[in-house]
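Visitor: Please take me through one part of this structure, close up. I would like to see what surrounds it.

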There are 2 protein chains.
Amino acid sequence: MSGYQSFQPRSRVLMGPGPSDVHPRVLEALSRPTIGHLDPQFQELMSEIKELLRVVFQTRNELTFPVSAPGSAGMETCFANLVEPGDKVLVCTNGVFGKRMQENVNRLGGELVNLDFEWGEPVCPKRVEETLAQHQDTKILAFVHAETSTGVLSNASELAKIAQNANVLTIVDTVTSLAGSELKVDEWGLDAVYSGTQKCLSCVPGISPVSFSQKALDKVKGRQSLVSSWFLDLNLVLGYWGEGKRSYHHTAPVNSMYALHEALVLVVEEGLKQCIERHKKWHSVLMDGLVELGFEPLVAPEYRIPQLNAVKLPEGLDEAALRQELLNRFDLEVGAGLGPFAGKIWRIGLMGNSCNERNVVYCLSALKECMKR
Amino acid sequence: MSGYQSFQPRSRVLMGPGPSDVHPRVLEALSRPTIGHLDPQFQELMSEIKELLRVVFQTRNELTFPVSAPGSAGMETCFANLVEPGDKVLVCTNGVFGKRMQENVNRLGGELVNLDFEWGEPVCPKRVEETLAQHQDTKILAFVHAETSTGVLSNASELAKIAQNANVLTIVDTVTSLAGSELKVDEWGLDAVYSGTQKCLSCVPGISPVSFSQKALDKVKGRQSLVSSWFLDLNLVLGYWGEGKRSYHHTAPVNSMYALHEALVLVVEEGLKQCIERHKKWHSVLMDGLVELGFEPLVAPEYRIPQLNAVKLPEGLDEAALRQELLNRFDLEVGAGLGPFAGKIWRIGLMGNSCNERNVVYCLSALKECMKR
């Protein structure tokens with residue numbers, strides 16, 4: 001006897017900032033027999049995943065594929081490939097993930113220009129425009145579309161326009177927005193975007209879909225210096241994920257790709273538009289119910305991310321104890337605050353397969369029960 | 001109708017260089033309901049995975065955990081954290097993965113000293129000792145324990161001793177050796193090792209177990225410069241995977257961790273020693289059968305990796321056509337040669353759950369069938 005047992009998780013209702021509830025079809029796909037990463041069957045699957053990702057990103061970018069690692073590695077794929085030492089990068093920070101972008105620029109030897117915005121507020125296009133005018137040698141503008149730490153949606157379309165006028169590339173974090181909020185990579189002209197599988201795609205965590213415009217790809221191909229990461233260097237990764245003959249770069253997480261494919265098929269079956277509408281619909285029902293219970297939305301209505309509801313708790317509640325009670329008594333996970341918002345707000349997710357009437361009603365009822373005393 | 005269908009792979013017998021056949025229990029574990037990456041249940045699982053990894057690595061290193069990305073990212077975790085710009089690193093190259101180590105050193109600004117060995121031969125300890133004597137300012141010695149591209153096992157114990165005498169740290173690729181060949185991290189004194197899940201652990205691909213000695217960790221903590229990768233920076237990752245309170249760094253690939261846990265439980269149930277013995281046993285039966293069919297071992301007997309059999313094909317065979325026939329007619333995957341060995345050798349894997357009598361007999365019979373003409 002080894003003393004070690006198989007792990008049998010108690011299942012939860014996932015209404016935090018991700019992972020979200022994974023659809024049974026996705027879990028089933030995940031457990032299909034593993035095949036080789038160079039198997040012709042798998043190569044066909046790879047092509048279909050790329051097509052399906054183009055649908056959800058609303059892009060025709062050839063360079064659209066899933067990075068074999070979580071969202072943070074997707075972020076790093078964008079920065080490590082596009083930022084060369086000395087490149088001036090304007091980062092807009094209105095939450096945790098903007099700060100992470102700054103870290104990326106610093107570590108890659110880029111020249112960071114940081115623009116801070118109040119947490120809970122969107123990125124202000126006017127200030128970005130002014131700053132770009134002051135820093136005419138800026139190469140890249142980076143911002144977060146849907147800031148997961150605060151529940152704020154910024155105007156990616158307007159910010160991208162400003163970047164185009166200033167002739168700078170954009171790197172945009174779409175981890176939480178993909179398939180939950182409107183996101184039009186081509187129409188808006190975003191140059192490099194990265195996302196995650198565990199949010200509105202309701203797939204298992206661990207994979208990061210990315211998409212690069214031709215302009216962004218040209219910058220990668222014209223680099224003077226080597227990309228610091230061998231694993232994330234697009235010049236190499238494309239030998240495997242690009243068009244044409246697929247040659248070995250790394251061993252792809254085969255089963256996670258089955259799951260991602262199934263999750264994407266589910267979005268396309270529902271329809272991307274309908275999927276985004278559904279997030280809006282249940283968001284407003286949930287938020288009304290939360291307000292009735294005494295919660296206060298952190299974000300002004302026009303900037304709220306439907307799939308991630310940031311709320312201040314009613315006066316006098318012990319947020320940690322209440323979160324724990326929801327988890328222990330109702331198997332319901334909601335998200336705590338991050339950084340300066342730790343202990344102050346909750347982030348209640350309604351992402352992908354978690355976004356339905358059953359969860360909204362369950363969450364509000366469970367909360368009501370716990371708040372009875 | 002979207003036109004996209006669920007992906008239903010035809011299952012294969014995996015006898016290439018990995019992935020190997022995944023145990024049904026591991027596939028089943030993989031598909032259990034996803035829970036949050038900060039869920040107390042998941043945190044317990046993380047602790048148990050760390051314990052189990054210490055068993056298979058034969059180490060007491062506290063810093064032993066699975067990187068949330070494939071083996072190449074495990075390699076990069078070791079190099080990016082341990083190599084500072086200007087550090088002299090001696091890389092021993094006797095195959096593809098040694099070359100990849102060189103790439104890592106170059107990209108990180110290390111001063112590369114490369115020592116080439118014949119592909120198909122092990123790293124020669126004497127030459128390493130001489131080279132270290134010539135380069136007394138060397139900080140790190142890096143080599144591949146089991147070179148997956150050639151099927152050669154090098155003497156990690158002896159190489160580590162030489163490194164210790166020269167007061168340099170070791171980075172050792174144990175991707176193919178872990179749980180298939182003897183590997184004693186503490187007894188041999190290896191400082192930083194990385195592996196993969198899809199070889200002798202017979203888990204799904206996509207995760208890279210690593211282990212760092214205290215000396216290696218001290219070097220990481222004493223760095224003058226920031227680690228170039230935010231995602232792989234151990235100073236940050238340890239906030240999540242270290243001891244004590246687990247705080248968010250990235251979203252762990254939750255379901256892949258269920259699978260890894262189950263795969264490790266299976267190794268411990270069998271017994272690590274028995275598991276390694278099993279690889280030796282079926283290796284010798286397979287190799288005898290291959291020789292009988294006219295295949296010629298690439299590697300001298302004392303340096304062969306039991307779990308990865310590198311063989312030259314009998315004269316006059318079209319290797320690509322034969323591999324394709326094995327795949328199409330028998331659903332049997334064997335590995336092609338890499339680099340200078342492309343088109344010249346095969347790599348027939350007997351890894352983890354793929355290493356059993358049934359597969360050995362099936363492979364030899366299928367080969368016999370295909371070679372009849």
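Guide: Here is a close look at strand β3 of chain B. First, some ground rules: this is a predicted model, where local features need pLDDT of at least 70, side-chain atom pairs count only at pLDDT 80 or more, and totals for chains, interfaces and linings use all residues. Residues are numbered from 1 along each chain as its sequence is written, while chains are lettered from A and ligands numbered from 1 in the order in which they are written.

Strand β3 of chain B covers residues 88–93. Helices (H or I, at least four residues) and strands (E, at least two) are DSSP runs, numbered from the N terminus. Five of the six residues of β3(B) are buried, so the strand is largely enclosed by the rest of the structure. Buried means that 20 or more other C-beta atoms lie within 10 Å of a residue's own, with C-beta atoms placed from the backbone.

Now the neighbours. Strands pair if DSSP finds at least two bridges between them. β3(B) pairs with strand β4 (residues 111–116) of chain B in the parallel sense, over six bridges. There, B:Val91 stands opposite B:Asn114. β3(B) also runs parallel to strand β5 (residues 138–144) of chain B, and four bridges join them. B:Leu90 has B:Leu141 of β5(B) as its bridge partner.

A helix belongs to the picture too. β3(B), helix α4 (residues 96–107) of chain B and β4(B) make a right-handed β-α-β unit. Right-handed means this: with the strands pointing away from the viewer, the path from the first strand over the helix to the second runs clockwise.

Notes: A residue is buried if 20 or more other C-beta atoms lie within 10 Å of its own, exposed if 12 or fewer, and partly exposed in between; C-beta atoms are placed from the backbone.
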